[in-house]
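Work through the exercises below with the model at hand. Try each task before reading its solution.

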Amino acid sequence: MRMWEGIRLALQQIWAQKLKSFFSLVGVIIGITFLIAVITIVEGMNTYVREDFAGSLFGVNTFTVVRRAQIQTGRVDQAERRRQARNPDLLLRDVDVVVDAAPNALHVAYSADRSFGEARYGSNSRRNVRVIGGSPEYQLVQGWKIEDGRGLTPIDEQRGLKVAVIGSQIAERLFPTTSPIDNRVRVGGQRFRVIGVFEKQGGFIGNVRDASILIPFSTFNATLSRRRNGVDEISVKVEVEDLMEPTMAVVEGALRRNRGLRPTEENDFHLQTSNDLLSAWNTINTILLAAIPGLVSVSLVVGGIVIMNIMLLSVSDRTREIGLRKSLGAKRRDILFQFLTEASTLSMVGSLIGIAVGLGLADLVDRLSPLPATISVPWLVLAIVMGMGVGVTSGIYPAYRASKLDPIEALRSE
Amino acid sequence: MQNTNEAIITTHNLHKHYVMGAETVRALNGVDVEIRRNEYVAIMGPSGSGKSTLMNLIGCLDSPTEGEYVLNGQEVQVLDDDELARIRNREIGFVFQTFNLLPRATALHNVELPLIYAGVRSKERQRRASAALERVALGDRMDHKPNELSGGQRQRVAIARALVNDPSIVLADEPTGNLDSSTSEEIMDVFESLHAAGQTIIMVTHEFDIASHAQRVITLVDGKIASHNAEIPTFVGAAGHDFHIP
Ligand SMILES: Nc1ncnc2c1ncn2[C@@H]1O[C@H](COP(=O)(O)OP(=O)(O)OP(=O)(O)O)[C@@H](O)[C@H]1O
Ligand SMILES: [Mg+2]
């Protein structure tokens, strides 16, 4: 009961001096905002990368042959980078090498892609789209599901038809009212008849799938490609995880032989798996999670010092009130408790604002960038506990000073 | 009603000294007073004679340098801080010259304060605080903040606050010092009705016509009792006259 009284009093105090309270809380607000915003983003990415991203981008039990590593892990070796930059382009004939080397593979898919400034239908347009020329197996390896219409078939590929399966964002933008099926979208100076729409993915991968247009590889090769027969990725999906390593080994061997590499020479191509991504992510994650507590503590310590000063000021401003309360029967611990409650309420308000702003920022990032943002309850609890902790810690000394005041002297003060 | 002859306050050889460098100020220099239940006593004396010091000792806000003080059969000097706070809360009701209300709190909340420290629950607190405000005829001003009240009304809120915990004594140090004479009379009426209802009251004042409301006037000079039952010169009618030693 007396705690509510204290909290009510503290809130009154805060409300009476909104601007001053806000400035005194800036430190705590920034600290907690930062904590929440970064944590939500890191956590969101974490969940995403672990549960969806790796599997979705690379597919389950899938490895990909690319010209050079897209994701660097560990130390970034400049010489290694320069060496990989000289790797030859992948070409259609490399696909044949891979197919021949891995007859047991479930699927071998290949693709090339190119980004365009916009895709149009009539007066509707969608900025920044990626056109992927994919073999018919591409959708299977990626696990992209069709929402509407149909996917690409071997016939589309053989005949080099100008047909397209479009991502959900593109469908929404270009065809807000009508069905996209059988209409023609325009991209890169070409028109493609829409035959299907992919299921919406949302989140991080949204930009990969939802803003993509998939057309047959042969069509892409004939119309939009910058390099004749150029391939960006060759993906190999095997049946079970145990087959990954042996299959990768034979594919690696076959490519080396095909390119005539001597045993002393390094690969002039790169085999990529979802593990690359996960370990890269783990490195970033570890750094972030190690840095956050430090950064947050600094602003919370600063915030705490500010609150302590504000409370000391408040104690001297309200000396007379303290004297009065004592004359009316407040014990030392009542005064101590009152000012501790006030300090904690103050910083709690700060951390609640911080949580709100942090969640707001995270939500903004979630909307405006491909990063997903989620937060789990333990982090919110931590933020609240930290806010409380700052309040109690920085309130102890001022509250102690208040509780020690002599009632008569306090009453006599102006 | 209790036995009116029973002493509620007894002090013996009460001293309060302030050491100021080489000098020692003897604010109280051996004071013996006895105040009985339901007495209405005024304390008068020149400025600096120790009136407020005595009130603070009686009110357990301060402890004497020397001497004994028995309040309601309880030896006060043996009590620790918390017990003194409890006595201030339960046994004493203070009324100050400057009202000392919390400026941002309503009249009702100001009156509730002592009850908060008595650990009374919110519902009961409000009930008792509003009853106390009714007693000082402020039942219709409960939600007003001090700056929305006149000086007399503020002092009545302070009196309600002093009464709300049903104390053994009400201590008022120059309760009309900041009020004009007609408002002072209004406050005196409140004190008189409290006294009539059985309340023990000790009041410090500089004004004879205020003191004339009391049953007995104690005069202090230089930290000593000059008279336990002084005559009030009735020919001095005007308020604001300072006390002079005859
Ligand atoms: N905290 C203190 N330190 C030093 N001297 C003090 C202190 N409090 C009171 N005194 C001195 O004790 C004496 C009595 O003071 P007190 O306030 O009791 O007088 P008073 O009778 O109430 O006067 P007034 O009518 O002006 O209110 C004065 O000389 C005063 O200066
Ligand atoms: Mg005085």
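**Exercise 1. Count the salt bridges, then follow one of them.**

Step 1. A search over all chains of the whole structure finds 25 salt bridges. A salt bridge is a side-chain nitrogen of Lys or Arg within 4 Å of a carboxyl oxygen of Asp or Glu. This is a predicted model: local features need pLDDT of at least 70, side-chain atom pairs count only at pLDDT 80 or more, and totals for chains, interfaces and linings use all residues. Residues are numbered from 1 along each chain as its sequence is written, chains are lettered from A and ligands numbered from 1 in the order in which they are written, and side-chain values use heavy atoms, with hydrogens and water left out.

Step 2. Find A:R259 and A:D94. Their side chains form a salt bridge at 3.2 Å, N to O. A:R259 sits in helix α10 (residues 244–259) of chain A and A:D94 in helix α4 of chain A, so the pair ties together parts 165 residues apart in sequence. Helices (H or I, at least four residues) and strands (E, at least two) are DSSP runs, numbered from the N terminus.

Step 3. Check the cover. A:D94 has 2% relative accessibility, so it counts as buried. Buried means under 20% relative accessible area, exposed over 50%, partly exposed in between (1.4 Å probe, protein chains only).

**Exercise 2. Compare two further pairs: is each partner buried or partly exposed?**

Step 1. A:R130 and A:D113 meet in a salt bridge, 3.3 Å from N to O. A:R130 is in strand β4 (residues 124–134) of chain A and A:D113 in strand β3 (residues 107–121) of chain A, so the pair joins parts 17 residues apart in sequence.

Step 2. A:R130 is partly exposed at 21% relative accessibility. A:D113 is partly exposed at 26%.

Step 3. Go to chain B. B:D62 and B:K16 form a salt bridge at 3.3 Å, N to O. B:D62 is in the loop between α1 (51–58) and β5 (66–71) of chain B, while B:K16 is in strand β1 (residues 7–20) of chain B, 46 residues apart.

Step 4. B:D62 is buried at 17% relative accessibility. B:K16 is buried too, at 11%.

**Exercise 3. Describe the surroundings of A:V98.**

Step 1. A:V98 is in helix α4 (residues 92–101) of chain A. Its relative accessibility is 1%, so A:V98 counts as buried.

Step 2. List contacts (heavy atoms within 4.5 Å). Residues up to four places away in sequence aside, A:V98 touches A:V65, A:V108, A:I234, A:V236, A:V251 and A:L255.

Step 3. Look along the chain. A:V98 and A:V250 are 152 residues apart, yet their C-alpha atoms are separated by 8.8 Å.

**Exercise 4. Describe where chain A meets chain B.**

Step 1. The contact takes 23 residues from chain A and 26 residues from chain B.

Step 2. The buried area is about 2300 Å², with carbon and sulfur atoms giving 55%. Buried area is the accessible area (1.4 Å probe) that two parts lose on being put together, summed over both.

Step 3. Two salt bridges cross this interface. A:R332 forms a salt bridge with B:D81, with the closest N and O atoms 2.9 Å apart.

Step 4. Which element of chain A gives the most to the side that touches chain B? That is α12(A), with six residues.
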